[in-house]
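Hello,

Here is the structure I promised to pass on to you. Have a look at it first, and then read my notes below.

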Amino acid sequence: MSEFDPGRFEEEAQEKWEHAFESNPSDLEKYYLNVAFPYPSGAMHVGHGRTYIVPDVVARFWRMRGKQVLYPMAFHVTGAPVIGISKRIARKDPKTIHLYRDLYKVPQNVLDEFVDPLTIVNHFAREYQRVMTACGLSIDWRRRFITIDPTYSRFIEWQWKHLYEAGHVIKGVHPVRYCTVDDNPVGDHDLLEGDKAEVIKFTLVMFRYGTAFIPTATLRPETIHGVTNLWASPDVTYVKALVDGKAWIISREAAEKLELQDHTVEIKEEISGSDLIDKTVSHPLCGEVPILPANFVDPDMASGMVMSVPAHAPFDYIALRDLQQQGKYTQIKPIPLIKVEGYGEVPAQDAVERAGITNQMDTRMEALTQEIYSAEFSKGKLFPEYGGKPVRVARDDVAALMNEKYDSVVMYEFDVRPVVCRCGNKVKVKILHDQWFLKYSDPEWKKEVSDHLQDMALVPPEVRVEFDRTVDWLKDWACTRRVGLGTRFPWDTTQLIEPLSDSTVYMAYYTIAHKIREIEPKYLTPEVFDYIFLGKKSPDLPERKKLDVMRQEFLYWYPYNFRFSAKDLISNHLTFQLFHHVTIFPKDKLPLGMVVFGMGLLNGAKMSSSKGNVFLLEDAVNEFGADTVRMFLMGSAEPWQDFDWRNELVISTKKQIERFYNTVIDAKDARGEPHDIDRWLVSRLQEHIERTTTALENFQTRQALQESSFGIEVDLKWYRRRLPEGCDGSRELATLCSVWTRLLAPFIPFTAEHLWHELAGEGLVSFAPWPVADRSLVNARIELAEELLSRTVEDIESIKKLIQLTPKSITISLAPEWKHEIFTTIARSTDRNTVIKEIMKDDAMKKRGREATDAAKQCTTLIHRLPPHIVGPLAQEPVNERLVFESAQAFLEKEFGVPVHITGAETSGHAKAAMALPFKPAIIIE
Ligand SMILES: [Zn+2]
């Protein structure tokens with residue numbers, strides 16, 4: 001007998017699959033899907049697992065639907081992170097050693113070699129491939145490459161030639177995120193914290209303090225008229241520094257930052273924050289104001305000192321109020337200067353009091369600040385004595401005036417903190433000169449991308465706004481780095497192309513990756529790629545025959561159908577790739593669709609390797625089996641929803657697969673004649689096939705599993721109950737086993753492959769034809785009858801529990817004809833508010849009076865409770881309830897072990913019988 005043995009199924013299938021998923025152009029229609037390739041610097045966890053398993057389920061589904069499917073994979077090793085890791089391992093950094101030795105389980109002898117960054121990426125690329133294979137990913141591994149292969153570099157050079165010639169690569173002066181330890185700009189992938197941080201341009205308002213300046217950074221220079229004081233922290237040691245030759249008092253952190261932003265900075269002396277408190281400063285636009293103490297002042301935010309506008313800034317308002325409640329500085333009053341609809345004279349006070357905030361540490365303060373900022377910017381106007389202009393105009397005017405006359409300068413700072421590099425160093429804003437940029441700010445380039453986005457299939461549809469917003473908001477992108485692995489920048493070979501800029505059109509490279517290797521890199525000129533990808537002929541092309549084969553591969557596979565990735569890549573990678581595609585490829589080769597994933601949680605908390613909150617994919621596969629891991633990841637949430645890995649739930653998934661397996665093994669040889677209930681089973685099966693198919697066409701893996709796994713399991717349970725005594729299943733069961741195995745094959749391919757063999761199916765289940773529903777076998781009336789019966793059985797069971805006595809008999813009392821009339825009228829009506837009045841216009845109903853109105857109300861409630869798939873057919877035609885129950889009498893008596901009577905409610909003497917409604921008979925247990 002064939003036991004459920006996932007480990008054995010995995011071994012068997014791996015052998016059969018070794019070259020099975022290598023995919024070549026054919027006469028079949030193609031389906032090309034791909035997923036953001038991994039950066040192999042650590043072990044895969046179950047969150048990564050879902051990223052690659054969702055596309056695999058989709059790939060397997062379409063393969064069974066008869067398409068030629070391509071699912072390729074490669075490894076992204078460009079950039080600096082792995083260099084940082086190797087340096088940290090070389091200097092035996094305990095955190096890094098712990099991560100790699102204990103969490104990723106790298107053997108010590110391998111770890112010793114990690115001082116060479118290439119060893120790290122090669123090691124984990126191999127590991128990734130091994131674990132992906134163990135998970136049953138149906139990848140064409142012939143096309144695997146890593147992004148520092150010389151052949152790939154030639155391809156990147158070709159890509160950049162096109163970007164450059166289109167005018168998208170520029171050199172300029174820009175503020176960028178920068179790590180001073182790595183001496184390199186910092187990309188999204190290089191960040192430990194603050195990956196959404198944006199560089200914001202502040203105005204430094206220069207307050208006069210004796211012969212020196214105290215600068216404060218603001219986004220709202222127009223509020224200078226409402227400044228009542230500055231805030232300084234008494235606990236911070238400030239410095240007096242010569243900035244471009246003038247004396248400034250700033251935090252030490254600010255001094256370092258200004259130096260990175262084109263200022264000369266020379267620190268002269270230290271000044272204790274407490275020495276500044278109660279001193280006064282002045283500005284021509286607000287006069288003389290005092291410096292007050294505040295603990296919220298962060299020396300790591302801009303200049304380290306803050307100007308206070310309590311009338312319009314909630315933080316300032318509360319900080320001042322707190323001091324005044326201690327009896328200090330009571331002479332200071334907020335100075336309002338902006339009128340804005342919806343707020344009183346002092347908007348900050350209004351907002352704080354309305355929200356009931358009593359404490360400056362309240363987490364709602366940020367949101368409140370933002371709210372006032374937006375309201376005043378969009379609708380606010382300065383008071384007449386300050387010029388009366390709208391805020392949006394006054395802001396720029398005042399900033400210009402300050403820059404021109406009052407010594408103000410610009411300072412760049414992040415909108416969120418902290419921003420931390422992978423190396424552990426705090427990231428700062430640096431103004432780079434001679435930096436190369438991709439000009440994503442170019443409105444014409446943006447428009448090309450926007451136009452193409454209109455034609456793309458985006459899943460789920462809600463992400464469309466996020467893509468539109470990203471395209472709109474994208475600024476120029478620093479696209480080269482000094483340090484790291486990757487392709488040299490063709491116009492300045494001291495620079496390398498950074499990771500988010502060399503990973504945008506490699507989906508095209510996959511189509512030829514296994515063939516291009518046959519040509520030596522030195523022959524791979526841009527003309528070669530122009531021929532393969534664009535069909536441009538030029539003289540002296542090498543190896544024309546090979547190039548023609550590659551051209552055919554590209555033309556067959558491209559454009560790709562769907563790209564899969566996590567949602568945090570919308571703001572960079574997923575949008576960048578569209579920018580690059582529209583520049584390089586003709587319209588008919590542009591991407592067709594994208595599917596965006598939610599994030600993974602582990603026991604309710606965000607999965608994060610650096611925080612140690614991960615469960616390794618390989619451990620999961622070893623502990624539970626690959627099919628269980630797959631089914632859990634696909635069934636616990638739809639791909640775009642966040643999912644939560646919990647071991648106890650995973651165990652129940654494993655049991656579910658085992659039940660499925662045992663059921664198929666038991667039922668596969670059923671050969672009996674069909675009974676009445678078989679027609680129901682077959683009818684239901686057609687619908688499960690249909691709904692599973694539709695769900696998978698829409699990437700709804702969870703919905704598909706609900707139908708194909710739970711749905712069929714529940715049906716079989718009912719089917720077995722309904723079989724006449726002493727009967728086994730019929731030959732319809734054997735058919736169901738074949739269908740069921742194929743429906744689940746994309747999710748649990750190992751178990752399915754084994755069962756397919758047991759079922760004597762032809763070839764591999766991975767290529768078996770996907771089941772097709774036969775609409776002619778769907779019988780809505782039979783389904784409705786069984787639904788009525790099963791609902792009534794449930795009702796009887798719950799009543800039995802409630803009354804807690806041993807019944808002697810059960811009477812099912814059926815609703816009279818006139819109630820069916822009412823039910824049908826209501827179910828058919830489009831206006832349920834007036835339908836009762838309509839019904840009562842009928843003479844016969846009028847005669848029934850109260851009884852009829854009550855029944856109408858009860859029917860309305862019942863119709864609301866019943867699912868639409870029941871109400872729909874009932875509205876067309878009522879069920880012959882008497883026939884249903886009379887033919888199920890033997891079944892009911894077997895179920896409950898007592899005589900079961902079926903009566904009409906109107907002939908029954910029992911008071912309860914009056915409760916009978918259509919589709920809900922009265923039940924009398926005696
Ligand atoms: Zn760094």
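**Helix 7 and its surroundings**

Helix 7 covers residues 150-165, and at 1.5 Å a residue its 16 residues should span 22 Å; the end C-alpha atoms lie 23 Å apart, which agrees. Please keep in mind that this is a predicted model. Many side chains of helix 7 are worth clicking on: its buried residues are Thr151, Tyr152, Ser153, Phe155, Ile156, Trp158, Gln159, Trp160, His162 and Leu163. After helix 7 comes Gly167, with a positive phi near 80°.

**Aromatic rings**

How many aromatic pairs does a search of the whole structure find? The count is 61. One of them is formed by Phe145 and Tyr152, a stacked pair with 4.9 Å from centre to centre and 25° between the planes. Both Phe145 and Tyr152 are buried. For comparison, look at Tyr506 and Tyr510: their ring centres are 5.5 Å apart and their planes stand at 65°, so this pair counts as edge-to-face. The cut-off behind that label is a plane angle over 60 degrees. Tyr506 and Tyr510 sit in helix 16 (residues 506-510), four residues apart, which is about one turn of the helix. Tyr506 has a relative accessible area of 0%, and is therefore buried. Tyr510 is also at 0% relative accessibility, so Tyr510 counts as buried.

Two arginines are placed over rings as well. Arg60 lies over the face of Trp17, 4.5 Å from the ring centre. Arg392 lies over the face of Phe377, and here the distance to the ring centre is 5.2 Å.

**Strands to look at**

Is strand 1 (residues 30-35) enclosed or open? Six of its six residues are buried, so strand 1 is largely enclosed by the rest of the structure. In a regular strand, side chains alternate between the two faces of the sheet. In strand 1, Lys30, Tyr32 and Asn34 point one way, while Tyr31, Leu33 and Val35 point the other way, and all are buried. Strand 1 runs parallel to strand 2 (residues 68-70), and three bridges join the two. If you want to find one of these contacts on screen, go to Tyr31, whose bridge partner in strand 2 is Val69.

Further along the chain there is an open sheet of three strands, in the order 27-26-28 and with mixed pairing. Its edge strands are strand 27 (605-606) and strand 28 (643-645), each of which pairs on one side only. Strand 26 (residues 600-602) and strand 27 run antiparallel and are joined by two bridges. Within that pairing, Leu601 of strand 26 stands opposite Lys606 in strand 27.

**The chain as a whole**

To put these details in context, the chain has 35 helices and 31 strands. Its C-alpha atoms fill a box of roughly 105 × 80 × 50 Å along the principal axes. Of the 926 residues in the chain, 56% are buried. Among contacts with a separation of 6 or more, 77% are between residues 24 or more positions apart. The accessible surface comes to about 40,100 Å², and carbon and sulfur atoms account for 51% of that surface.

Happy browsing, and best wishes

Note on methods: Residues are numbered from 1 along each chain as its sequence is written. This is a predicted model: local features need pLDDT of at least 70, side-chain atom pairs count only at pLDDT 80 or more; totals for chains, interfaces and linings use all residues. Side-chain values use heavy atoms; hydrogens and water are left out. Rings of Phe, Tyr and Trp (its six-membered ring) pair if their centres lie within 6.5 Å; planes under 30 degrees apart count as stacked, over 60 as edge-to-face and the rest as tilted. Buried means under 20% relative accessible area, exposed over 50%, partly exposed in between (1.4 Å probe, protein chains only). A charge sits over a ring if NZ of Lys or CZ of Arg is within 6 Å of the ring centre and within 35 degrees of the ring normal. Two strands pair if DSSP finds at least two bridges between them. Contact means heavy atoms within 4.5 Å. Accessible areas come from the Shrake-Rupley method with a 1.4 Å probe; for residues, only the protein chains shown count as cover. The expected span of a helix is 1.5 Å times one less than its number of residues.
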